[in-house]
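Hi,

Here is the structure I promised to pass on. Have a look at it first, and then read my notes below.

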Amino acid sequence: MYNSFHSDRFKSLYIMERQTLPKRLESLDALRGLDLFFLVAFGPLIRSLIRAADVPWLNSCAWLFKHQFWTGFSPWDLIMPLFLFMSGITIPFAYSRYKTNPDKKPLVRRLVKRVLLLWLFGMIVQGNLRALDPDHIYFYTNTLQTIAVGYLVSALLYLYTSRRTQIIVSFALLLLYWAAMQFIKVGSYGGGDYTPDGNLCEWIDRTVMGRFRDSAEVKDGVVVFAEGYYYTWILSSLNFVVTVMSGMFAGYIAKSHELAEKKKVQLFLGIGIALVVLGWAWNEILPVIKTIWTSSMVFVSSGYCFLLMGLFYYWIDYKCHHKHLTWMKVYGMNSIVAYMLAETIHFNCIGESLLFGFEQYLGTYYSFLIVFSEAAVVFFILWVMYKQRIFLKV
């Protein structure tokens, strides 16, 4: 009887504890997984297939899997903003219990550590640290570093300010970026010039980072910037923060206990539509340009992110359709690992070692087979980690 009593009591306490634990946002895991799947598997596979087939109807679809060169917005341009947006969603879930804690120094130290690790990973991916060549080390060049900047500022604002202040800061940053681009002129740069070679973001990155800008080289004592490289980072950081903040506002909605599930879906979709409309309207004054992360682009991309979150939240968390999500969770619950594996390790050597005999039969499609083998190896590693419940987080 004693054992039975304590066993029942333990079960009751266990059930009560489970009920008080925060509900995991499965729609976020799935959406993050879909984003990573497109980035590390589906996109490379389709681009390889298009090159191999070289037929008009497939070639006409190639733009869907490429970044827009300058103005405008392609579906592929959503990959990076969605990554930032989703990092923001996690903030209310991760830090709500710390908001009222008067001593936040340990948490701030953890945030700084996270930033440094993400920054280092970004430099490993695109900073050429692996080359061990001091002449080709670049400082601020990668998606992970934009997440680091946006996440740090957003998390600090979440911890130390009210929601009203956070909204005001977000709009202020958007307007500050626009005002700087529109009214500051340095030589032939800025003053409302939104061309690749004449915008203020370009001048700031060249001036501040110099040789440490991505792909820059020193030739005969002169810094030479890579032709055709127009991604900017420093002034654009204002809007990296806002993109993460937009995700944080979505996190407020998802975490709310006062809002009904249906209301959450309506808010996601309504805010998404409003932001997309406002962004394309602002495009008439401030062009939508992902390369320099314009404020209008933040509205457009965040709007699409809200819409996607609304659809996933509706289907998974509201309607409780949890089947067939495992493959997305495999990517989504180890997203940094998936990204680092795909970007830093060339698994094509495995496919070329095992499948080289197929080249004589497949012709141009052999390259597609090799890309497929790379994607399969990455997925297998992530699947083993998922099955072993190994989830690496920064």
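A quick definition to start with: a residue is called buried under 20% relative accessible area, exposed over 50%, and partly exposed in between. E261 has 26% relative accessibility, so it counts as partly exposed. Its salt-bridge partner is K264, with the closest N and O atoms 3.3 Å apart. K264 is buried, with a relative accessible area of just 4%. The two sit three residues apart in helix α10 (residues 261–282), so about one helical turn separates them.

Before going further, please keep in mind that this is a predicted model. The chain averages a pLDDT of 90, and 94% of the residues score at least 70. The stretch to be wary of is residues 1–22: pLDDT stays under 50 there, and the model gives that stretch zero contacts beyond four places in sequence.

Back to the charges. The count comes to five salt bridges. One of them joins K329 and E26, at 2.6 Å from N to O. This one links distant parts of the chain, as K329 is in helix α12 and E26 in helix α2, 303 residues apart. K329 is at 14% relative accessibility, so it counts as buried.

Another salt bridge pairs R206 with E202, and here the closest N and O atoms are 2.7 Å apart. Both residues lie in helix α8 (residues 200–209), four residues apart, or about one turn of the helix. R206 is partly exposed at 25%, while E202 is buried at 0% relative accessibility. Together with R213, these two are linked in a network of salt bridges.

Now the rings. How many aromatic pairs does the structure hold? There are 32 aromatic pairs. One is F37 with W327, an edge-to-face pair with 5.0 Å from centre to centre and 75 degrees between the planes. F37 belongs to helix α2 (residues 26–53) and W327 to helix α12 (residues 326–332), so to speak 290 residues apart along the chain. W327 is partly exposed, at 34% relative accessibility. Both rings are part of one aromatic cluster, which includes F38, F42, F65 and W76 among its members.

Y95 and Y151 are also worth a look. Their ring centres are 6.2 Å apart with the planes at 65 degrees, so this pair is edge-to-face. Y95 is in helix α4 (residues 79–95) and Y151 in helix α6 (residues 143–160), 56 residues apart. Y95 is buried at 7%, and Y151 is buried at 4%. R114 lies over the face of Y151, 4.0 Å from the ring centre. Elsewhere, R163 has its charged end over the ring of Y252, 3.8 Å from the centre.

Y95 turns up again in the largest nonpolar core, which has 109 residues: F85 and Y95 have the most contacts inside it. Beyond its neighbours within four places in sequence, Y95 is in contact with residues including L107, L111 and Y158.

Two last spots to click on. S335, in helix α13 (residues 335–344), is buried at 10% relative accessibility. Leaving aside neighbours within four places in sequence, S335 is in contact with R32, L36 and F83. V377, in helix α16 (residues 366–387), is buried at 18%, and touches F347 and I350 when residues up to four places away are not counted.

Cheers

Note on methods
Residues are numbered from 1 along each chain as its sequence is written. This is a predicted model: local features need pLDDT of at least 70, side-chain atom pairs count only at pLDDT 80 or more; totals for chains, interfaces and linings use all residues. Side-chain values use heavy atoms; hydrogens and water are left out. Rings of Phe, Tyr and Trp (its six-membered ring) pair if their centres lie within 6.5 Å; planes under 30 degrees apart count as stacked, over 60 as edge-to-face and the rest as tilted. Buried means under 20% relative accessible area, exposed over 50%, partly exposed in between (1.4 Å probe, protein chains only). A charge sits over a ring if NZ of Lys or CZ of Arg is within 6 Å of the ring centre and within 35 degrees of the ring normal. A nonpolar core is a set of buried Ala, Val, Leu, Ile, Met, Phe, Trp, Tyr and Cys residues joined through side-chain atoms within 4.5 Å. Contact means heavy atoms within 4.5 Å. pLDDT is the predictor's confidence in each residue, from 0 to 100. A salt bridge is a side-chain nitrogen of Lys or Arg within 4 Å of a carboxyl oxygen of Asp or Glu.
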